[in-house]
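Subject: Structure for you to look at

Hi,

Here is the structure I promised to pass on. Have a look at it first, and then read my notes below.

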Amino acid sequence: MRGWDVVIVGAGPAGSTTALLLARAGVRVLLLDRARFPRHKACSEYLSPATTAVLERLGAGVLEQVEGAAHAKLYGMKVVAPDGTAMCGRFTSGHGHAPPRPYSFALSRAAFDSILLRAAQREGAVVHQGVAVEDLLWDGGTVAGVVVRSGDGQRATRNASIVVGADGLHSVIARRLGLVRTSPPRRVAFTAHVADVAGVDGVGELHVGADGYVGLGPIGGGVTTVALVVPLARVQRRARDFRADFFTELERYPGLAGRFDRRRMVREVLATGPFAQWSRRPVADGALLVGDAADFFDPFTGQGIYAALRGAELAADSLIPRLTGGADAPISATTLEPYVRARRREFAGKWALERLIGVGVGWPALTNRVVSRLARRPDLADLVVGATGNFVPAHRVLAPGVLARLLL
Ligand SMILES: Cc1cc2nc3c(=O)[nH]c(=O)nc-3n(C[C@H](O)[C@H](O)[C@H](O)COP(=O)(O)OP(=O)(O)OC[C@H]3O[C@@H](n4cnc5c(N)ncnc54)[C@H](O)[C@@H]3O)c2cc1C
């Protein structure tokens, strides 16, 4: 007996969804998070349209609870370039790919993540909150569990046949496995909830500036989530805490000036980063990574929650046969190879697109050019927004003819 079948570290969308699917299959799951839920998360809080299909597949009343929570419906994405040119892509279009619904959901991560966590609990996952994982336990070269520290400072060990690292950007599990890689652009984000923002309607907005960008969109109840993303170097150069100048920074963007009432901030500014960070491989002997712990490049395209949920489905597909077959043997990286391949098949296009766009928005002249092309070609704007919404295959945008029309 090796303790738990699986210990999952992190109860965000990736961890809770993996826990839900494994527990439903009869796997003995321990789900750990250092936070206590509901907890906030620095995020623009938009679920890309394809996420709705995953929520529907999850069952357990998850989609109904999202619909029943305070939320907004977004029908597309607007991008404003540094020179003020604006384009808007709609989720429903004539490109031949339809999202599950004509809109996507946007809601507070405090609410969304709690819905998933409770669903995992209902399926039988045992959840311990306020417990930080500090290290891995090893049996030879194979991961055999985790070392945890609870709120009162007590340390303990939890053994498992496999440890799933779903502990987000800066994952302890990925670091302890020695798998972490970073690359430019190194950016950090500051996010807040602001009530009664002027001019917010049924689309998400991305405002690109000379050295950063702002994402904003409604999340229901008259609240807008606002995310300011800037190069790490800019934050390091400044003596003052960037959070104190949050609204002053927003006013530098022409499309945002005058739209905020500083007294209407209803949740303090959360900081996160730097990204980009990912793991060289999402598996090791006795361990598997999912969600941001496996890969997080940049938030511009808003695909992280979808990738966390879809990645969890792929992880569960690979783990269930190994954890329910009766064998108590350690799970080697080689036996998890189908997960590696499935991720590559599923996400290769997304990885290319989000890297292209994430790097591109760091170049104002390039952004001006691409946005002005898209403003003149609404069909292409819809195609790009559909691909970043995960329901149009990325290769439709990455086709040489399309790229040439956007760039040349
Ligand atoms: C500014 C910004 C805006 C974004 N906007 C969007 C958007 O609009 N749409 C979208 O789809 N994606 C967006 N993303 C990305 C999205 O937030 C992530 O991709 C998503 O949260 C990944 O889910 P996850 O479960 O992998 O990780 P997380 O949601 O980060 O969950 C990780 C969990 O692990 C826990 N944890 C961490 N370390 C430990 C430890 N040592 N021990 C125990 N528990 C631990 C944390 O408390 C947390 O609950 C945005 C990201 C940023 C930074």
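How many residues does helix H10 have, and how far does H10 reach from its first C-alpha to its last? Helix H10 covers residues 364–376, so 13 residues in total, and its reach is 18 Å, close to the 18 Å expected at 1.5 Å a residue. Before I go on: this is a predicted model, so please read everything here with that in mind.

I started with H10, so let me finish with that helix. Its buried residues are Thr367, Val370, Val371 and Leu374. Looking down the axis of H10, you will find these buried residues within an arc of 100°, so they line one face of the helix. The general rule behind that pattern: an α-helix has 3.6 residues a turn, so residues three or four places apart point the same way. On the face turned away from the buried side of H10 sit the exposed residues Ala365 and Arg376. As for partners, the buried residues of H10 pack against strands S4 (76–80), S5 and S12 (204–209), and also against helices H9 (337–360), H11 (378–388) and H13 (400–407).

Two of those partners come up again. Strand S12 holds leucine 206, which counts as buried because it has 24 C-beta neighbours inside 10 Å, and 20 are enough for that label. Beyond its neighbours within four places in sequence, leucine 206 is in contact with Met77, Val79, Tyr213, Gly215 and Phe300. From leucine 206 to aspartate 83 is 13 Å, C-alpha to C-alpha, with their positions 123 residues apart in sequence.

Strand S5 (86–90) leads to threonine 92, which is in the loop between S5 and strand S6 (104–106). Threonine 92 is partly exposed, with 16 C-beta neighbours inside 10 Å. If you set aside its neighbours within four places in sequence, threonine 92 is in contact with Ala98 and Pro102. Along the chain, threonine 92 and glycine 386 are 294 residues apart, but their C-alpha atoms are separated by 8.3 Å.

Helix H11 brings us to proline 393, in the loop between H11 and helix H12 (394–398). Proline 393 has 13 C-beta neighbours inside 10 Å and counts as partly exposed. Its C-alpha atom and that of glutamate 346 are separated by 9.9 Å, with the two residues 47 apart along the chain.

Now the overall picture. The secondary structure comes to 13 helices and 18 strands. Of the 408 residues, 51% are buried. The radius of gyration is 21 Å, which agrees with the value near 22 Å that a compact globule of 408 residues would have. The C-alpha trace spans about 60 × 45 × 40 Å along its principal axes. Among contacts with a separation of 6 or more, 75% are between residues 24 or more positions apart.

There is a ligand too. Which of the 40 residues around the ligand come nearest? They are Gly10, Gly12, Gly168, Gly291 and Gly304. The residues of the shell divide into 22 nonpolar, 12 polar and six charged. Six elements each supply at least two residues of the shell: helix H1 (13–24), strand S2 (29–33), strand S8 (131–139), strand S11 (180–195), strand S14 (223–231) and helix H8 (304–323). The largest share, four residues, comes from H8.

Lastly, some backbone spots to check. Most residues other than glycine have a negative phi, and most peptide bonds are trans. Here are the spots that depart from that:

- Phenylalanine 37 and proline 38 are joined by a cis peptide bond, with omega about 0°; proline 38 lies in the loop between S2 and helix H2 (51–58).
- Phenylalanine 275 and alanine 276 are also joined by a cis peptide bond, with omega about 10°; alanine 276 lies in strand S15, residues 265–279.
- Alanine 60 has a positive phi, near 55°. Alanine 60 is in the loop between H2 and helix H3 (62–68) and is partly exposed, with 18 C-beta neighbours inside 10 Å.
- Aspartate 196 has a positive phi as well, about 55°. Aspartate 196 is in the loop between S11 and S12 and is partly exposed, with 14 other C-beta atoms within 10 Å.

Cheers

Notes: Residues are numbered from 1 along each chain as its sequence is written. This is a predicted model: local features need pLDDT of at least 70, side-chain atom pairs count only at pLDDT 80 or more; totals for chains, interfaces and linings use all residues. A residue is buried if 20 or more other C-beta atoms lie within 10 Å of its own, exposed if 12 or fewer, and partly exposed in between; C-beta atoms are placed from the backbone. Two residues are in contact if their C-beta atoms, placed from the backbone, lie within 7 Å. A residue is near a molecule or strand if its C-beta atom, placed from the backbone, lies within 6 Å of it. Ala, Val, Leu, Ile, Met, Phe, Trp, Tyr, Cys and Pro count as nonpolar, Asp, Glu, Lys and Arg as charged, and the others, Gly among them, as polar. The radius of gyration is taken over C-alpha atoms; the globule rule is 2.2 Å times the number of residues to the power 0.38. The expected span of a helix is 1.5 Å times one less than its number of residues. The arc is that of the directions from the helix axis to the C-beta atoms.
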